[in-house]
Amino acid sequence: GLAQAILLAVIVKYALGLQVNHMGAYFASCVLVSVVFISIIQFCIVHLGDIGKFVAMLLLILQLTSCGGTFPMETVPKMFNVLYPYMPMTYSVGLFKETISGNLGGDLAKNVTVLIIMLVASMVLTITFSIVKRGKTLLKEKREEANPANI
């Protein structure tokens, strides 16, 4: 994810000629956004399996229409306006707008903070669910060892 973020940032900047006013913030934003989305997708796939792949795809589709990056929020149906503040891509779009345009004073701290909170939350959920799942597996194995007749 980190390599992809940096590679994409380099390609967009140099191959496509994007004018970036704050290069360090731009690259840091790419890395942060990549790590946040990978963490969310990891949780979905590891703990929900094939359904998690569907959930991750659904989340992507919902974000594309409710983050304010594709269409102004005033022009989209009300449902997407309700989802707007809960979508990670909302804060990613805001972060990229600030780092690319050079206006680092606006909502930079808010966007970074919300993305970090989403990153930590998805990581904590992934770790917690993994520990619980592992504990259940160990408990089942101990029961089978204690009562070999049920095997």
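The lining of the largest pocket in this predicted model divides into 12 nonpolar residues, two polar residues and no charged residues. About 370 Å³ of space lies in this pocket. Its lining comprises 14 residues, and those closest to the centre of the pocket are Phe37, Ile41, Leu60, Gln63 and Met89. Helix α2 gives the most to the lining, with 10 residues, and both α2 and α4 supply at least two residues each. Empty space of this kind is revealed by rolling a probe the size of a water molecule over the atoms.

The second largest pocket has a volume of about 270 Å³. Thirteen residues line this pocket, and Ala5, Leu8, Ala9, Cys30 and Phe96 lie nearest its centre. By class, its lining holds 11 nonpolar, two polar and no charged residues. At least two lining residues come from each of the helices α1, α2 and α4.

The interior was examined next. In soluble globular proteins, nonpolar side chains tend to be buried together. In the present model, the largest nonpolar core has 13 residues, and those with the most contacts inside this core are Leu32, Val33, Val36, Met89, Leu95 and Leu115. Three helices, α2 (residues 23–66), α4 (residues 88–101) and α5 (residues 108–146), each supply at least two residues of the core. The largest share, five residues, comes from α2. Met89, one of the core residues with the most contacts, is also among the residues closest to the centre of the largest pocket. When neighbours within four places in sequence are left aside, valine 33 is in contact with Ser92, Leu95, Phe96 and Leu115. Apart from the largest core lies another core, of five residues, among them Ala9, Val20, Tyr26 and Cys30. Of these, Ala9 and Cys30 also lie among the residues nearest the centre of the second largest pocket.

Tyrosine 26, a member of the five-residue core, lies in helix α2. Its relative accessibility is 3%, so tyrosine 26 counts as buried, the limit for that class being under 20%. Residues up to four places away in sequence not being counted, tyrosine 26 touches Leu8, Ala9, Val12, Lys13, Leu18, Val20, Phe96, Thr99 and Ile100. One of these partners, alanine 9, is 17 residues away along the chain, and the C-alpha atoms of the two residues are separated by 7.8 Å.

Two further buried residues, serine 34 and threonine 126, were considered. Serine 34 is located in helix α2. Its relative accessible area is 15%, and serine 34 is therefore buried. Not counting residues up to four places away in sequence, serine 34 touches Gly1, Leu2 and Ala5. Serine 34 and leucine 2 are 32 residues apart in sequence, yet their C-alpha atoms are 6.8 Å apart in space. Threonine 126 is found in helix α5. With a relative accessible area of 7%, threonine 126 is likewise buried. Its contacts, neighbours within four places in sequence being left aside, are with Ser39, Gln42, Phe43 and His47.

The confidence of the prediction was also assessed. The protein averages a pLDDT of 88, and 97% of the residues score at least 70. Confidence is highest in helix α1 (residues 2–15), at a mean of 93, and lowest in helix α3 (residues 78–83), at a mean of 83.

Terms used: Residues are numbered from 1 along each chain as its sequence is written. This is a predicted model: local features need pLDDT of at least 70, side-chain atom pairs count only at pLDDT 80 or more; totals for chains, interfaces and linings use all residues. Side-chain values use heavy atoms; hydrogens and water are left out. pLDDT is the predictor's confidence in each residue, from 0 to 100. Helices (H or I, at least four residues) and strands (E, at least two) are DSSP runs, numbered from the N terminus. A nonpolar core is a set of buried Ala, Val, Leu, Ile, Met, Phe, Trp, Tyr and Cys residues joined through side-chain atoms within 4.5 Å. Buried means under 20% relative accessible area, exposed over 50%, partly exposed in between (1.4 Å probe, protein chains only). Contact means heavy atoms within 4.5 Å. On a 1 Å grid over the protein atoms alone, a cavity is a set of points where a 1.4 Å probe fits but cannot get out, and a pocket is an open set with protein on both sides within 12 Å along at least five of seven lines; lining residues have an atom within 4 Å of a point. Grid points are joined across faces, edges and corners, and a volume is the space filled by probe spheres set on the points. Ala, Val, Leu, Ile, Met, Phe, Trp, Tyr, Cys and Pro count as nonpolar, Asp, Glu, Lys and Arg as charged, and the others, Gly among them, as polar.
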